[in-house]
Amino acid sequence: ESSLPVTALETFGECPFKFFARQMLRLAERQESRLNVADLGTIRHDVLVRDWDVRITGRIDGLSRESDLWVVEEIKSSAWTHGQLESMTAEAFDRYVRQLQLYLYFLADHGRQATGRLVLISIVDGWQRILHVEPDPSVAQWLHRQLDWILHQREERLAWFARRRAM
């Protein structure tokens with residue numbers, strides 16, 4: 001038999017997604033969360049996943065403000081030429097785009113609207129290409145799936161070590 005505390009039912013009435021996140025995914029609101037992009041472009045995001053406190057940090061290459069919008073720049077050098085870079089789309093750089101989208105999600109989570117620019121610079125001829133990257137609403141779910149998988153692997157490894165020690 002399973003039971004739910006009254007506060008969980010209140011949470012469901014307030015917001016079904018919040019209920020799902022807390023009760024099913026076992027996520028909790030951060031107690032202390034800060035955005036620290038002033039410290040040499042470092043960004044920090046804290047999240048609770050499966051009873052683990054997870055801190056994610058990254059280094060933003062460029063952060064500026066244009067009107068009411070923050071602009072995050074990720075700068076990457078490449079061995080592609082002007083012609084090659086010119087024909088490429090953001091999909092060719094999915095890892096860099098995802099990194100930018102994570103930064104945009106972290107900023108949005110702290111109440112800051114932002115957009116991203118992926119700046120690709122050719123080390124062959126010095127040409128640069130700027131790709132605009134918008135926030136992706138699915139990043140939060142992707143991040144939690146990735147963290148859940150990593151923590152599952154860690155827990156399995158810890159259990160394996162515990163079994164080995166018990167032998």
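# A guided tour of the model

The protein has 5 helices and 6 strands. The model on the screen is a predicted one. Begin with the whole chain in cartoon view and follow it from its start: the elements come in the pattern α-α-β-β-β-β-α-α-β-β-α. Of the 167 residues, 32% count as buried. If the surface is displayed, its accessible area comes to about 11200 Å², and 53% of that area belongs to carbon and sulfur atoms. Among the contacts with a separation of 6 or more, 56% link residues 24 or more positions apart.

## The sheet

Select strands E3, E4, E5 and E6. These 4 strands form an open sheet in the order E3-E4-E5-E6, and the pairing is mixed. The edge strands are E3 (62–66) and E6 (128–133), each of which pairs on one side only. From one strand to the next, the twist averages 25°. As a general rule, strands of a sheet pair through backbone hydrogen bonds, either parallel or antiparallel.

Next, keep only E4 (residues 69–78) and E5 (residues 114–122). In which sense do E4 and E5 pair? They pair in the parallel sense, over 9 bridges. Select valine 72 and look across to E5, where glycine 116 stands opposite.

Now add E6. E5 and E6 pair in the antiparallel sense over 6 bridges. Glycine 116 serves as a landmark here as well, for it stands opposite valine 133 in E6. Follow the chain through the hairpin of E5 and E6, which has 5 residues between the strands; glycine 126 in this hairpin takes a positive phi near 80°.

Display the side chains of E6. In a regular strand the side chains alternate between the two faces of the sheet. Along E6, Arg129, Leu131 and Val133 point to one face and are buried. Gln128, Ile130 and His132 point to the other face and are not buried.

## Helix H4

Select helix H4, residues 94–109. At 1.5 Å a residue, its 16 residues should span 22 Å, and the end C-alpha atoms are 22 Å apart, so the expected span and the model agree. Which residues of H4 are buried? They are Val97, Leu100, Gln101, Leu102, Tyr103, Leu104, Phe106 and Leu107. When turning the helix about its axis, recall that an α-helix has 3.6 residues a turn, so residues three or four places apart point the same way. Then step past the end of the helix: just after H4, glycine 111 takes a positive phi of about 80°.

## Where H4 meets H5

Add helix H5, residues 139–166. H4 and H5 pack at an angle of about 105°, with their axes 10 Å apart. Because angles of 65 to 115 degrees count as roughly perpendicular, H4 is roughly perpendicular to H5. To view the meeting place, show Arg98, Gln101, Leu102, Tyr105 and Phe106 in H4 together with Val139, Ala140, Trp142, Leu143 and His144 in H5. Gln101, Leu102 and Phe106 are also among the buried residues of H4.

## Aspartate 148

For the last stop, remain in H5 and select aspartate 148. Is this residue buried, partly exposed or exposed? Aspartate 148 is partly exposed, because its relative accessible area of 32% falls between the limits of 20% and 50%. Not counting residues up to four places away in sequence, aspartate 148 touches Val49 and Arg50. Aspartate 148 and arginine 50 are 98 residues apart in sequence, yet their C-alpha atoms are 7.3 Å apart in space.

Notes:
Residues numbered from 1 in each chain as written. Predicted model: local features only at pLDDT ≥ 70, side-chain atom pairs only at ≥ 80, totals over all residues. Heavy atoms only, no water. Helix = DSSP H or I, 4+ residues; strand = E, 2+ residues; numbered from the N terminus. Buried < 20%, exposed > 50% of the residue type's maximum accessible area, 1.4 Å probe, protein only. Contact = heavy atoms within 4.5 Å. Expected span 1.5 Å × (residues − 1). Pairing = 2+ DSSP bridges. Axes fitted to C-alpha atoms, helices over the stretch in contact; angles between N-to-C directions. Areas by Shrake-Rupley, 256 points an atom, 1.4 Å probe, with all protein chains shown as cover. Parallel < 35°, antiparallel > 145°, perpendicular 65-115°, else oblique.
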